[in-house]
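Colleague: I am new to this one, and I would like to start on the inside. Could you take a close look at the interior with me?

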Amino acid sequence: MTEILQRAGNWTFDGGTVRIVPGHHKSVHRLRRLLGEVAVPLEAVSGIAYEPGRRAGRLRLRLRHGADPLLQAAGGRLPDAADPYSLEVEPDRAGVAEYFTDELRNALLLEQVPVAEPCDRYLLPGPPVPLTVQGTDGTASFDGDLVRIDWNWVAEGSKSSAGPRTLALRELAGVEWSPAVGLENGFLRFRPRGSHAVLKPDHDPNCLVLWGVRQAKDVSSVLLAAAVTARLPHPSAPASAPALPSPGGPRPGTGADSDSGSGSGKEPGSGPEGADHDALLRRLRELGELHREGVLTEEEFTAAKQAVLRRF
């Protein structure tokens with residue numbers, strides 16, 4: 001078990017899962033506190049980096065494209081303070097952050113995670129429901145099956161005159177989230193299936209406006225967008241894939257239809273080839289331990305590791 005404990009939160013890694021728990025300090029962003037604990041399977045990780053700084057460093061966990069519905073909905077627009085996969089590290093814990101980084105990188109190498117390949121299904125489940133978001137011209141809620149928008153007195157007449165808007169999950173093609181920035185308004189738009197006229201957020205009956213002045217620092221509305229995204233078909237899923245994602249499903253390449261053992265009646269990793277594979281993995285772990293203990297130099301470790309990898 002590898003862990004780093006900080007005021008902003010705690011990260012632990014047990015060899016198969018990175019567990020992220022937000023801190024309780026008042027400086028921790030509201031989005032992180034609302035999201036709560038996040039368990040990231042190793043197969044969802046594409047990399048990790050530690051960025052040292054004069055006052056504080058930062059640990060960044062990078063996920064494979066399409067692995068997380070929250071990142072899918074956010075579209076790269078989350079600030080560092082709200083990003084659950086970014087951790088501020090105090091200067092005296094820099095060594096721990098570097099050790100955490102090395103351990104996770106070694107695990108990615110040993111488990112041969114396809115870090116450069118995008119995912120065709122969500123590997124994280126997304127935020128829990130029900131969720132409610134207070135916008136400028138109304139309130140949006142999602143219970144896992146239905147999206148409901150209730151308008152307030154600020155809403156344009158074209159919205160309020162139609163009454164509350166209800167959309168079933170099966171009616172939706174997607175959801176768009178744009179955060180408020182400074183004085184510029186943001187929006188939370190639900191896109192029904194089929195072709196529809198593109199209207200400005202103020203007049204779109206499927207769109208909740210996020211007022212820039214009041215909601216520029218609160219990006220928690222992305223949680224509702226992520227919860228809907230997680231329950232819609234993955235954008236990269238095969239045409240024959242089921243509509244709903246299965247975050248707890250088998251790892252790619254380990255199911256009954258995978259090439260390894262398909263039609264042979266053998267479990268993956270069984271037999272002489274599987275035994276050799278396990279032996280090579282154990283050897284890589286041993287080399288990593290020898291390197292960390294200073295028995296092997298960087299050049300010796302690199303050369304030995306490459307020799308083992310060529311035998312896979």
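Modeller: Happy to; we will go from the core to two charged residues, then to the cavities, and end in a few loops.

First, how to read the model: residues are numbered from 1 along each chain as its sequence is written, and side-chain values use heavy atoms, with hydrogens and water left out. This is a predicted model, in which local features need pLDDT of at least 70 and side-chain atom pairs count only at pLDDT 80 or more, while totals for chains, interfaces and linings use all residues.

The chain has 8 helices and 14 strands (DSSP runs, H or I of at least four residues for a helix and E of at least two for a strand, numbered from the N terminus). Among its 312 residues, 41% are buried (under 20% relative accessible area with a 1.4 Å probe and protein chains only; over 50% is exposed, and in between is partly exposed). If we take the contacts (heavy atoms within 4.5 Å) with a separation of 6 or more, 60% link residues 24 or more positions apart.

Now to the core. The largest nonpolar core (buried Ala, Val, Leu, Ile, Met, Phe, Trp, Tyr and Cys joined through side-chain atoms within 4.5 Å) has 63 residues. The members that touch the most others are Val40, Leu59, Leu61, Trp177, Phe190, Leu224 and Val228. Helix α6, residues 221-231, supplies the largest share of this core, 7 residues. That helix is itself mostly covered, with 10 of its 11 residues buried; the buried stretch includes Ser221, Leu224, Val228 and Ala230. Follow leucine 224 to see what surrounds the helix: beyond four places in sequence, leucine 224 touches Leu131, Thr132, Val133, Ala140, Ser141, Phe142, Leu188 and Phe190.

Charged residues can be found inside too. Lysine 159 sits in helix α4, residues 157-160, and it counts as buried because its relative accessibility is 0%. A polar atom of the lysine 159 side chain lies 2.8 Å from the backbone oxygen of cysteine 207, which makes this a polar contact (N or O atoms within 3.5 Å, one able to donate a hydrogen and the other to accept it). With residues up to four places away set aside, lysine 159 also touches Asp137, Trp151, Pro201, Asp202, His203, Asp204, Pro205 and Val209.

One of those partners, aspartate 204, deserves its own stop. Aspartate 204 belongs to the loop between β13 (186-192) and β14 (207-210), and it is buried because its relative accessibility is 8%. The aspartate 204 side chain reaches the backbone nitrogen of asparagine 206 at 2.9 Å. Outside its neighbours within four places in sequence, aspartate 204 is in contact with Trp151, Lys159, Arg189 and Leu199.

Next come the empty spaces. There are 2 cavities of 30 Å³ or more (a cavity is a set of points on a 1 Å grid where a 1.4 Å probe fits but cannot get out, and its lining residues have an atom within 4 Å of a point; volume is the space filled by probe spheres on the points). The largest cavity has about 80 Å³. Its lining has 13 residues, with Ile20, Val21, Pro22, Arg32 and Pro84 nearest the centre. Two or more lining residues come from each of β2 (9-13), β3 (17-22), α1 (30-35) and β7 (86-89), and β3 gives the most, with 3.

The second largest cavity holds about 50 Å³. Asn106, Leu109, Leu110, Leu284, Gly288, Phe301 and Lys305 line it. They include two or more residues from each of α3 (94-110), α7 (271-292) and α8 (298-309), with α3 giving the largest share, 3 residues.

To finish, let us step into the loops. Most residues other than glycine have a negative phi, and most peptide bonds are trans. In the loop between α3 and β8, glutamine 112 has a positive phi of about 55 degrees. Glutamine 112 counts as partly exposed because its relative accessible area is 43%. Proline 130 is in the loop between α3 and β8 (131-134) as well, and a cis peptide bond with omega of about 10 degrees joins it to valine 129. Between β12 (172-178) and β13, the loop contains valine 181, which is exposed because its relative accessible area is 53%. Valine 181 lies 9.1 Å from tryptophan 211, C-alpha to C-alpha, across 30 residues of sequence.

Technical notes. 1 Å grid on protein atoms, 1.4 Å probe; cavity = no way out; pocket = protein on both sides within 12 Å on 5 of 7 lines; lining within 4 Å.
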